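Biologist: I've got a model open and a few naming questions for you. Could you walk me through it?

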Amino acid sequence: MSQRYEIRFSGAGGQGLILAGVIMAEAASIYDGKQAVQSQSYGPEARGGASKSEVIVSDSMIDYPKATVVDALLALTQEAADKYSHDLKEGGVLLIDSDLVKNIPKGNFNTVAFPIINTAKNEVGREIVANIVALGAMVALTGVVTKDGAEKAVLARVPEAFMELNKKAFQLGYEKAIAARA
Amino acid sequence: MAKKVAFLQGNEAAAQGALYAGCTFFGGYPITPSTEVAEVMSVELPKIGGKFIQMEDEIGAMASIIGASLTGAKVLTATSGPGLSLKQELIGYACIAETPCVIVNVMRGGPSTGMPTGPSQSDVMSAKWGTHGDHPAICLTPASVQELFEETVRAFNLAEKYRTPVMIMPDEIVAHMRERIVFPEPGELEVINRTAPSVSPAEYKPYDTSFGDVPPLAAFGTDYRFHVTGLNKGQDGFPTTKAAWVQDEEERQVRKVEGNVDDIVQFEEYELADAEVAIVAFGSTSRSARFAVNEARKQGIKAGLFRIKTFWPFPEKQIAALAGKVKAFITPEMNLGMCTGEVKRCAEGKAPVHGIFRVDGEPINPGQILEKIKEVK
């Protein structure tokens with residue numbers, strides 16, 4: 001991989017995107033033995049408002065902890081897609097929720113779209129795991145962390161009773177992203 | 001055995017560092033973006049028989065840690081700009097009463113309520129001049145999660161060693177970002193405890209300078225009794241207005257820090273040996289600067305970084321020496337020129353100082369610094 005890989009998870013406050021970023025970074029840092037930094041930016045609201053979580057993954061020391069040129073962007077809302085796609089690099093990965101982002105950001109991106117929140121709600125059974133569906137998809141599309149490492153990182157964060165739910169969410173996100181890309 | 005590794009937020013690392021240093025009391029009034037320090041302490045302190053108290057406000061929180069410190073405990077509070085303003089009166093009290101304590105202040109936008117979730121570096125002057133009167137000031141500005149852990153341990157060491165408040169000021173980015181941390185084993189980092197009195201309770205004086213500039217501090221709740229006040233005090237702790245004594249006392253209190261700068265001041269030099277442009281930066285901004293230095297070097301520009309780890313006392317002689325060697329300084333900071341002013345003071349006109357200031361709640365990015373390097377090289 002190249003020296004520095006930048007991933008941004010964006011959407012609305014309360015969607016669990018900061019946690020999705022944290023898990024991705026834990027997968028890289030704890031399970032895959034790479035360097036990783038996770039940072040976030042959010043408004044004063046507890047729910048709503050544009051929110052982003054950034055993860056930098058590298059083989060060597062990471063100095064600047066925020067994104068410079070984004071390699072992969074997830075946008076779960078139109079507001080986030082509008083606000084946070086300006087520095088996505090040419091040829092970068094753009095993952096959007098096809099129900100919620102109707103105006104697809106213009107640019108030469110590898111755009112992948114599927115109904116992320118609906119997948120969580122109707123196929124996994126709980127809307128609350130939409131962030132894990134999205135995480136599974138980002139793991140598949142970026143290849144920056146191993147699937148195994150990411151799954152371990154997810155399960156390390158979840159209480160026993162919700163293991164299966166999250167496993168399913170992660171797997172479905174992973175599969176749907178690959179299918180949607182093809 | 002392999003060392004314990006975790007992926008932690010800066011604030012969590014500060015709390016863990018405090019526990020490593022032996023902190024057993026936290027008094028606070030939670031405020032964004034420092035709340036996680038209080039959260040971790042509220043969970044961990046009861047497990048080790050320590051005490052966590054959420055006070056009625058920031059002033060009460062500061063008062064509680066001074067009181068707890070006087071019982072012999074290592075004490076911590078955590079706050080952000082608006083809370084720091086409220087604590088200032090009692091920070092002065094801790095200075096004159098010579099009570100060891102550690103204050104984590106996570107820098108967010110100001111003044112007043114400002115931008116609660118936005119990063120800033122605009123409290124560094126409050127760390128020195130926020131409370132009135134001449135007083136010692138120690139302020140540490142770490143730049144990573146690992147360093148926030150280690151510097152919190154050092155903050156406790158300096159507080160106990162010099163009987164004075166110590167501030168540790170991560171900006172919001174350092175406090176909220178997550179990185180891998182390797183926990184030091186017990187005993188791996190130095191932990192300093194305050195000197196206990198060697199005399200009997202009857203002979204004890206809390207400010208007995210025959211023991212040196214930092215007199216031993218007894219613990220309330222033992223057989224030792226003494227008086228504590230915010231007034232200028234004599235050796236016995238009772239108020240005095242004796243002119244010659246007060247002059248000596250004031251000078252001694254400041255000398256505890258200013259006379260030990262080599263013990264207190266820490267910094268990091270990166271690519272400075274042949275540098276023509278020196279960037280002076282601290283906290284998360286120093287990480288942008290390091291990125292910019294690497295980019296500049298790739299383009300054949302001799303840039304280097306002086307990273308401030310100890311903001312107060314300011315690394316005066318190091319900056320002064322650098323001023324005689326470089327063509328220009330660049331001082332990026334998330335405020336309107338606080339560090340820049342100090343660098344100018346130390347440089348004494350020997351090299352121009354170009355500030356990059358940002359107060360819009362966004363970090364200074366490496367591109368901005370690189371542009372300035374090219375402009376002034």
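Modeller: Sure. Chain B holds an open sheet of 7 strands in the order β3-β2-β4-β5-β9-β8-β14, with mixed pairing. Keep in mind that this is a predicted model.

Biologist: What makes β3 and β14 of chain B the edge strands?

Modeller: β3 (51-54) and β14 (310-312) of chain B each pair on one side only. That matches the order, where β3 and β14 of chain B stand at the two ends.

Biologist: How do you know that β5 and β9 of chain B pair, and in which sense?

Modeller: Pairing takes at least two bridges between two strands. Strand β5 (residues 101-106) and strand β9 (residues 165-168) of chain B have 4 bridges, so they count as paired, in the parallel sense. As an example, Ile103(B) stands opposite Met167(B) in β9(B).

Biologist: Which helices lie across strands of that sheet?

Modeller: Helix α3 (residues 58-70) of chain B lies across β2 (23-28), β3, β4 (74-80) and β5 of chain B. Helix α6 (residues 145-162) of chain B lies across β2, β4, β5, β8 and β9 of chain B.

Biologist: What angle does α3 of chain B make with β4(B)?

Modeller: About 165 degrees. The angles run from 0 to 180 degrees between N-to-C directions, so α3 of chain B points roughly opposite to β4(B). Helix α6 of chain B also runs at about 165 degrees, in its case to β9(B).

Biologist: Why is there a strand pair between the chains, β2(A) with β10 of chain B?

Modeller: Same test: 2 bridges join β2(A) to strand β10 (residues 178-182) of chain B, and at least two are needed, so they pair. The two run antiparallel. In β10(B), Arg178(B) is the bridge partner of Gln38(A).

Biologist: How many residues does each chain put into the contact?

Modeller: 17 from chain A and 18 from chain B. On the chain A side, α1 (17-31) and β2 (35-41) each supply at least two residues, and α1(A) gives the most, with 5. That side divides into 8 nonpolar, 6 polar and 3 charged residues.

Biologist: And what makes the two domains of chain B touching neighbours?

Modeller: Contact means C-beta atoms within 7 Å. By that test, 26 residues of domain 1 of chain B are in contact with 21 residues of domain 2 of chain B. On the domain 1 side, α5(B) gives the most, with 4 residues, and by class there are 17 nonpolar, 6 polar and 3 charged residues. The domain assignment puts domain 1 at 1-264 and domain 2 at 267-376 of chain B.

Notes: Residues are numbered from 1 along each chain as its sequence is written. Chains are lettered from A and ligands numbered from 1 in the order in which they are written. This is a predicted model: local features need pLDDT of at least 70, side-chain atom pairs count only at pLDDT 80 or more; totals for chains, interfaces and linings use all residues. Domain bounds come from an automatic or database domain assignment. Ala, Val, Leu, Ile, Met, Phe, Trp, Tyr, Cys and Pro count as nonpolar, Asp, Glu, Lys and Arg as charged, and the others, Gly among them, as polar.
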